[in-house]
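Colleague: I would like a close look at the nonpolar core of this model, together with the parts of the chain that supply it. Please take the account step by step.

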Amino acid sequence: MKVEHTIRLLGREVAIKSEATPEHVRAIEALVTEQLASVAGLPHQQALTIVALALADDLIREREAHATLKAKIRARSSELLQKLPGGASDPSREPPRGSG
């Protein structure tokens, strides 16, 4: 169930509805506030746009890194499974010769 949370950004209170825990919402608020501090002095709209783009870039990079890591784990898991008795390279798993 979504609950309303109030966060403070650029001196303004913003109400958001989320299923996240209050701790999670506070972590988001802290991250955005930290990012906004790095562009302090810019007009609010420009600062928010830069922060949104930076966070989107971080998210895309993390997704790419996650996908790469996931592929490496799958490949390594497959290699290890083949080394186990009964694995794909185990002769006892091959169909009998002359049956096909």
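**The nonpolar core and its surroundings**

Modeller: Of the 100 residues in the chain, 14% are buried (under 20% relative accessible area, with exposed meaning over 50% and partly exposed in between, for a 1.4 Å probe and protein chains only). The model is predicted, so local features need pLDDT (the predictor's confidence in each residue, from 0 to 100) of at least 70 and side-chain atom pairs count only at pLDDT 80 or more, while totals for chains, interfaces and linings use all residues. Residues are numbered from 1 along each chain as its sequence is written, and side-chain values use heavy atoms, with hydrogens and water left out. The chain has a mean pLDDT of 90, and 86% of its residues reach 70 or more.

The secondary structure consists of 2 helices and 2 strands (DSSP runs numbered from the N terminus, helices being H or I of at least four residues and strands E of at least two). Their order along the sequence is β-β-α-α.

The largest nonpolar core (buried Ala, Val, Leu, Ile, Met, Phe, Trp, Tyr and Cys residues joined through side-chain atoms within 4.5 Å) has 8 residues: I7, L9, V25, V32, L36, V39, A47 and V51. At least two of these residues come from each of β1, α1 (22–37) and α2. The most, 3 residues, come from α1. In soluble globular proteins, nonpolar side chains tend to be buried together.

Strand β1 (residues 3–9) runs antiparallel to β2 (residues 12–18), with 7 bridges joining the two (strands pair if DSSP finds at least two bridges between them). One such pairing sets E4 against K17 in β2. Their hairpin has 2 residues between the strands, and L10 takes a positive phi near 55° there.

Beyond its neighbours within four places in sequence, the core residue I7 is in contact (heavy atoms within 4.5 Å) with R12, E13, V14, V25, R26 and E29. Several of these partners are charged. E29 forms a salt bridge with R26 at 3.0 Å between the closest N and O atoms (a side-chain nitrogen of Lys or Arg within 4 Å of a carboxyl oxygen of Asp or Glu). Both lie in α1, 3 residues apart, about one turn of the helix. E29 counts as buried, at 14% relative accessibility, whereas R26 is partly exposed at 44%. E13 pairs in a salt bridge with R8, the closest N and O atoms being 3.8 Å apart. Here E13 is exposed, with a relative accessible area of 60%, and R8 is partly exposed at 44%.
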